[in-house]
Amino acid sequence: MVSFFSKFDNQHRMLIALGIHSIAIIAYQLALMQMLSFIQWHHFAYMIISIAMLGFGASGTLVVIARKWFINKAEWIIPLLMILAGLFMIVTFPLSRQEAIQFDVYLLFTEFRQFPKLALNYILFFLPFFFGALAIGLIFIIYSKKIGVYYFSNLIGSGVGGILVLFIFSSFYPEQSFPLIAILPVLSGIIVISKKYYKLQIVFSIIALFLSVFFFFKPSDIHVSEYKSLSKTMTLPEAEIIHSEPDVHGVVNVVSSPAMRYAPGVSLSFRENMPVKPSVFVNAEVFGNIPKHDDNAKFNIHDYTTMALPYVMNERDSVLVLNAATGNALSHALNNDAKCVTGVIENSAVIDLLKNDFSYESGELFLNPKVNIVYQESRAYLNEYRGKKSFDAIKLPLLDAFGGTAGLNALSEEYYLTKEAFERMWDMINDDGVIVVSSWMDYPPRNTLKIFATLVELAEEKEVENIKDHIIGIRSWGNLSFAIKKTPVTDSEIKKIRDFCDKMFFDPLLLPDISDEERVKFNILEDDSFFNYIDEIMGDNRDNLYNEYGFHIRPATDDKPYFSQFMRLSSVQYLRDLFGPAQMPFLEIGYLIVVITFAQSLLLALLFIVLPLFFLKRTGAGKFPTLLYFGALGLGYMFVEIILIQRFVLYFGHPIYAITAVISAMLLSSGAGSYFSSKIQNIRKNASKVNLLIAGFLLLYAFILTPLIELTISSDIVFKIITGLLLISIPSFFMGMPFPLGIKYLSDNNENHIGWAWGINGSISVIATSLAMLVAVEGGFRMVILIAMACYLIAFFAMRIYKN
């Protein structure tokens, strides 16, 4: 085998090629998720990626079956595989958009013909990962004696890829990112091109580079799901996209139509013309309507909705609007004589849009001297300014959507809607101030009950006496608004609220002296169950309702920040019988997709792991420890990565920053650890020690990570970056050691297991993604990190039971 290595001109070329190739693999994965989130939803992106990433498992399986052949042909196979990975990165997406195999995740539950299309999508997106992973796996096998150095190159490249993709997202449309990224694996193949069959490699390289240039300048058409907001909006008369730009947060589009009227649950007493407003979409989902602000406007459409509640009660000089989107609530506050309005918006592209290109259309709202626009995630703003600023009113965005959102945000971390977030809001309102949150009415009731339960528990946490004197609620035909006040509601405010309801044909829902008849004066519901649930939450039987209700309505917490996750696994069959299978995706498709993703990943991963066992009968003992060791590493590493991303979304204040920081810092630090591991002797003993050390770190983090984040979250940005990177990098450094140490051990004791070990690690990593989400939803973040700790303990024992 040593003589074989000499055929390469320079082993350093292979290290460089591996690093560049690894940049492409991670960048392509993130770009594919961005694109699939645009044309479908991020849940479908996870679904496809989970299968595509099984290419890593399949590559390990193939190497096990044909190990000798691959090793003998590796000199020209490795560069060819890299080039083929790049080629399929270019053509896979255009092929998937052909009408015959276009797939819509919504229709999966209603049309059987979607399943063959789904299978074809799986195969297509599987191919670039399969060829890319096969090249990496072969390098690991051939250079197993120096695995620490080569695994270092792989991880460093992956870390750089996570950073590079941010530049690509901010500068290019998703469909342009694929041919751009594909140049990298082709370049890797060219760097290590062999003299044998070099003509074949050159031909494929030229084809790939030609297609890369062609599809970059002439990208394939994108057909967004007909169920996404953008698609439905484009069916309106004379609808047209008047602005489009790429951004790290997603593709931003502005659509106009003379039929696009903005009336969010407007009162039936409204007699004016409905305002026509262009809408902003991010990743084909509506972000907000652009308001035409006018300080001297005769009316503001929100004055005819329940969202006018805080201004009906009293004057509000200072208003904080969280998740202010395109600024409708800011304009509403100004039209109600607010002297200072702060809007917190987490999308910088939208802020720039309304300050520049669409400044005139918005009445220069974002340039108004009374308006302060803050580019930040809402919860991060609350953490930073708690106790430093106070407001007369804090307004949250309208929850859910007219007709529901089918649980699309079920697995999104919504830290601004947790109990801890509301506690910070409470500390930021004046003595006579209010926190106001509005929601569309949903059936069965979910959002409305959960947000109300959050307000009630907030009042209890703050030791408010006679809670019913502090929480007000009013309801229209389509939505409702709650307001919680530090001091008791006054008789004057109660009268104003009743007069407003009568004028607008709204019904009081919660007042200190509310009567049953008053609740249904204008808007009658089919039954009284909703009012009964509201009263139960206010009463002493709240826990019984939480436990017995068909949906999760217990308030979200920082440990379980999934406010929009309502589905209970125990209630799925009951809900299916009640509403029918065709309606299930419209109740909560996000959660269902993750469950399906986990099930299919588990099934296919088992095939890729169990199947090779039949080909390992003559390879000696140690199959069970190999399965246990590398499976535990794959599960444990991904669990830690996912939990750190979720925790640092809260810390860094934005998902994009958290994902970039965690993935890049983890991979770079793990790469350094891998490089260090190449110097370690007595592998079996020291690998056990490293796994035990990692388990100790994770046990510590399970109890101190959140308090440390809370303690330093209000610090200056430089200190936060240093602290955050240290918290991520220290355990990650050691987590980069067990895999190369395990491969090195197999290289010395059972080389035939190396390809299988690579496949096990990749396959289990895929299962870990969806499994970690399910565990976090059901058990909380601490449970996820404790399971990760258990995985490294299993790896510790697995290494111990290997025979000397």
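**Figure 1. Glu518 and its salt bridge to Arg498 in the predicted model.** Glu518 is buried, with a relative accessible area of 16%. The model shown here and in the other views is predicted. The side chain of Glu518 meets that of Arg498 in a salt bridge, with 2.4 Å from N to O. Arg498 belongs to helix H17 and Glu518 to the loop between E12 and H18, so this pair ties together parts that are 20 residues apart in sequence.

**Figure 2. The salt bridge between Arg498 and Asp513.** Arg498 also pairs with Asp513, and the closest N and O atoms are 2.9 Å apart. Here the link runs from helix H17 (residues 491-504), which holds Arg498, to Asp513 in the loop between strand E12 (507-510) and helix H18 (529-538), and the two residues are 15 residues apart. Asp513 is partly exposed, its relative accessible area being 47%, whereas Glu518 is buried at 16%. Asp513 does not count as buried because that class requires a relative accessible area under 20%.

**Figure 3. The salt bridge between Arg379 and Asp558.** The two side chains meet at 2.8 Å, N to O. Distant parts of the chain are linked by this pair: Arg379 lies in helix H14 (residues 378-385), and Asp558 lies in the loop between helix H19 (542-548) and helix H20 (572-579), 179 residues apart. Arg379 has a relative accessible area of 0% and is buried. Asp558 is buried as well, with a relative accessible area of 4%. Side chains of opposite charge can pair when their charged atoms come close. Arg379 and Asp558 also take part in a network of salt bridges that includes Arg424 and Glu710. In the model as a whole, the count of salt bridges comes to 20.

**Figure 4. Packing of helix H14 against helix H15.** Two packed helices are described by the angle between their axes and the distance between the axes. For H14 and H15 (residues 419-426), the angle is about 45° and the axes are 9 Å apart. That angle makes H14 oblique to H15. H14 passes H15 in a left-handed crossing. On the H14 side the contact is made by Arg379, Leu382 and Asn383, and on the H15 side by Glu420, Ala421, Arg424 and Met425. Arg379 and Arg424 of this contact are also members of the salt-bridge network with Asp558 and Glu710.

**Figure 5. Surroundings of Leu458 in helix H16.** Helix H16 spans residues 447-461 and holds Leu458. Leu458 counts as buried, at 3% relative accessibility. Leaving aside residues up to four places away in sequence, Leu458 touches Phe422, Glu423, Trp426, Ile435 and Ile484. Leu458 and Glu423, one of these contacts, are 35 residues apart in sequence, with 6.6 Å between their C-alpha atoms.

**Figure 6. Packing of helix H22 against helix H28.** Helix H22 (residues 623-652) and helix H28 (residues 781-801) pack with their axes 8 Å apart and at an angle of about 155°. This makes H22 roughly antiparallel to H28, since angles over 145 degrees fall in that class. The crossing of H22 past H28 is left-handed.

**Figure 7. Surroundings of Phe781 in helix H28.** Phe781 counts as buried at 2% relative accessibility. Not counting residues up to four places away in sequence, Phe781 touches Tyr415, Asp558, Asp559, Pro561, Tyr562, Ile643, Gln646, Arg647 and Ala776. Among these contacts is Asp558, the salt-bridge partner of Arg379. The C-alpha atoms of Phe781 and Lys462 are separated by 25 Å, and the two residues are 319 residues apart along the chain.

**Figure 8. Surroundings of Thr723 in helix H25.** Helix H25, which holds Thr723, covers residues 717-735. With 15% relative accessibility, Thr723 counts as buried. Thr723 touches Tyr651 and Thr712, when residues up to four places away in sequence are not counted. Between the C-alpha atoms of Thr723 and Leu322 there are 27 Å, and along the chain these residues are 401 residues apart.

**Figure 9. Domains of the protein chain.** The chain is divided into domain 1 (1-226), domain 2 (295-568) and domain 3 (588-804). The centres of domain 1 and domain 2, taken over C-alpha atoms, are separated by 46 Å.

Note on methods. Residues numbered from 1 in each chain as written. Predicted model: local features only at pLDDT ≥ 70, side-chain atom pairs only at ≥ 80, totals over all residues. Heavy atoms only, no water. Domains from an automatic or database assignment. Salt bridge = Lys/Arg side-chain N within 4 Å of Asp/Glu carboxyl O. Helix = DSSP H or I, 4+ residues; strand = E, 2+ residues; numbered from the N terminus. Buried < 20%, exposed > 50% of the residue type's maximum accessible area, 1.4 Å probe, protein only. Axes fitted to C-alpha atoms, helices over the stretch in contact; angles between N-to-C directions. Parallel < 35°, antiparallel > 145°, perpendicular 65-115°, else oblique. Left-handed = near helix turned anticlockwise from the far one by under 90°. Contact = heavy atoms within 4.5 Å.
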